[in-house]
Amino acid sequence: MHGVRLAVIALAVGLAACGGDDPEDFGEQVVEAFCEREARCGVYASADTCEESLRQRGWETWMGLGTRYEAALESGRLSFDEEAAERCLDAIRDRDCRLPALSEAAMSRGIEYDPSCQVLRAQRTEGACLAHAECGESGFCRYTEASGCQGTCTPRHGEGGPGEWPEHCAPGLVPGADGTCQRARGEGETCHEVGEDASRDPPCAAGLWCDRGSNTCRPTGAEGDACAFEQDRPCGASFICEAGRCERRPPEGRACTAPAAQSALQAHRCQRDLFCDADAEQPGTCRERREEGAACRNFSECATDLYCAGAEPESGTWGRCQKRPGAGEACELYFGTGPITNCLAGHHCSPETNRCVPWVREGERCGPEARCEQGVCSDEGRCTSPEAWTCR
């Protein structure tokens with residue numbers, strides 16, 4: 001998941017006439033709402049520890065609007081909707097513990113891509129565009145080879161129409177594995193035809209999962225529901241599968257079993273601000289993450305802004321918790337166990353310079369000092385939409 005990004009700048013210019021508050025604080029409010037929900041669902045021990053962890057990763061910047069819409073906001077093509085922002089925050093706080101606190105689109109592309117967080121309002125819905133938000137809820141910014149880095153607002157497609165990204169499809173539809181807009185399947189509906197390629201499954205609606213045994217969409221597991229340990233299915237997003245039942249993550253002091261040394265999920269059976277204090281695949285106890293200078297077996301045992309220097313989990317060699325390098329500092333890449341870099345969360349270890357550079361999102365400044373997380377860096381030095389390959 002993501003951390004420190006480019007500094008958020010004030011976007012007050014042009015907003016006073018729209019009646020909305022300065023959206024600079026929106027990212028901080030999202031973090032508070034997110035952590036309130038995560039604490040309620042037992043993912044973190046408390047909202048305070050959640051906020052501390054996420055701020056160390058720069059989430060207040062990452063979950064805000066950043067600088068990617070500054071030109072559209074200043075020109076009046078977009079405005080910040082204060083009432084929609086309040087509805088977004090309420091939706092995050094109140095979201096069912098079986099569901100992710102934020103949609104995958106919000107996590108990877110920006111908070112404004114969450115269906116409950118349409119906080120930007122387009123002043124027109126046709127003509128040239130630089131971002132999907134500029135085309136309103138019924139349109140998207142379509143790029144063609146001839147359009148270069150500037151797209152054209154296009155109506156969203158109906159069921160069966162082409163749709164590789166969620167914003168290509170009309171509200172209520174989702175992109176299917178075959179590249180067309182589809183209606184999400186409801187409870188009890190078929191989600192896989194026997195004998196067909198599983199990659200072409202129609203998607204199940206939020207709160208449902210595709211049961212391969214019956215080939216139907218079934219409700220995601222709530223606390224206490226039966227489950228199978230493999231991939232914690234069908235437990236909801238906040239729960240893990242323990243002894244055949246969906247349960248909350250164990251808090252500090254509770255028993256746990258450490259994952260295998262090569263596991264990519266070394267930290268996350270206990271509450272997320274904890275780790276399982278035991279050798280690989282052995283019984284242990286959920287403990288607070290270790291402080292700087294403490295001995296550690298792997299990255300997950302150290303606090304969020306630390307990494308386990310010198311550890312080799314597969315051979316049982318311990319390391320020490322050390323500060324993660326930040327922007328411009330020397331870093332290392334890892335291709336075996338653990339994260340792919342020891343950089344501070346939200347940064348990438350450049351293979352060209354072996355120094356940390358921040359990831360940035362669509363519409364933000366990019367180049368040697370900042371890498372696009374998705375899409376490409378245009379000749380103008382801004383991250384463009386993943387669809388706008390012609391900007392290379």
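This report describes a three-stranded sheet, several salt bridges and the surroundings of one strand residue in a predicted model.

## The sheet β15-β17-β16

Strands β15, β17 and β16 form an open sheet in that order, and their pairing is antiparallel. The edges are occupied by β15 (295-296) and β16 (306-309); each has a single partner strand, so one side of each is left without a neighbour in the sheet.

Two bridges join β15 to strand β17 (residues 319-323) in the antiparallel sense. In this pairing, Cys296 stands opposite Gly319 of β17. The pairing of β16 with β17 is also antiparallel and runs over four bridges. Here Tyr307 faces Gln322 of β17.

## A salt bridge between buried partners

The whole structure contains 26 salt bridges. One of them joins the side chains of Glu167 and Arg109, with an N to O distance of 2.4 Å. This pair links distant parts of the chain, 58 residues apart: Glu167 belongs to the loop between β5 and β6 (173-175), whereas Arg109 belongs to helix α6 (residues 104-109).

The relative accessibility of Glu167 is 4%; because buried means under 20%, this residue counts as buried. Arg109, at 7% relative accessibility, likewise counts as buried.

## A salt bridge with unequal exposure

Asp211 and Arg218 form a further salt bridge, in which the closest N and O atoms are 2.6 Å apart. Asp211 is buried, at 13% relative accessibility. Arg218 is partly exposed, with a relative accessibility of 38%.

## The pair Arg287 and Asp277 and its network

A salt bridge also connects Arg287 with Asp277, and the closest N and O atoms of this pair are 3.9 Å apart. Arg287 is located in strand β14 (residues 283-288) and Asp277 in strand β13 (residues 274-277), so the contact ties together parts that are ten residues apart in sequence. The distance of 3.9 Å qualifies because the cut-off for a salt bridge is 4 Å.

Both residues are partly exposed: Arg287 has a relative accessibility of 40%, and Asp277 has a relative accessible area of 26%. The two residues also take part in a network of salt bridges that links Asp277, Asp279, Arg287, Arg290, Arg297 and Glu301.

## Thr154 in strand β5

Thr154 is located in strand β5 (residues 151-155). Its relative accessible area is 18%, and Thr154 is therefore buried, because the limit for that class is under 20%.

Leaving aside residues up to four places away in sequence, Thr154 touches Ser138, Gly139, Phe140 and Arg142. The strand that holds Thr154, β5, also marks one end of the loop between β5 and β6 in which Glu167 is found.

Terms used
Residues numbered from 1 in each chain as written. Predicted model: local features only at pLDDT ≥ 70, side-chain atom pairs only at ≥ 80, totals over all residues. Heavy atoms only, no water. Buried < 20%, exposed > 50% of the residue type's maximum accessible area, 1.4 Å probe, protein only. Contact = heavy atoms within 4.5 Å. Pairing = 2+ DSSP bridges.
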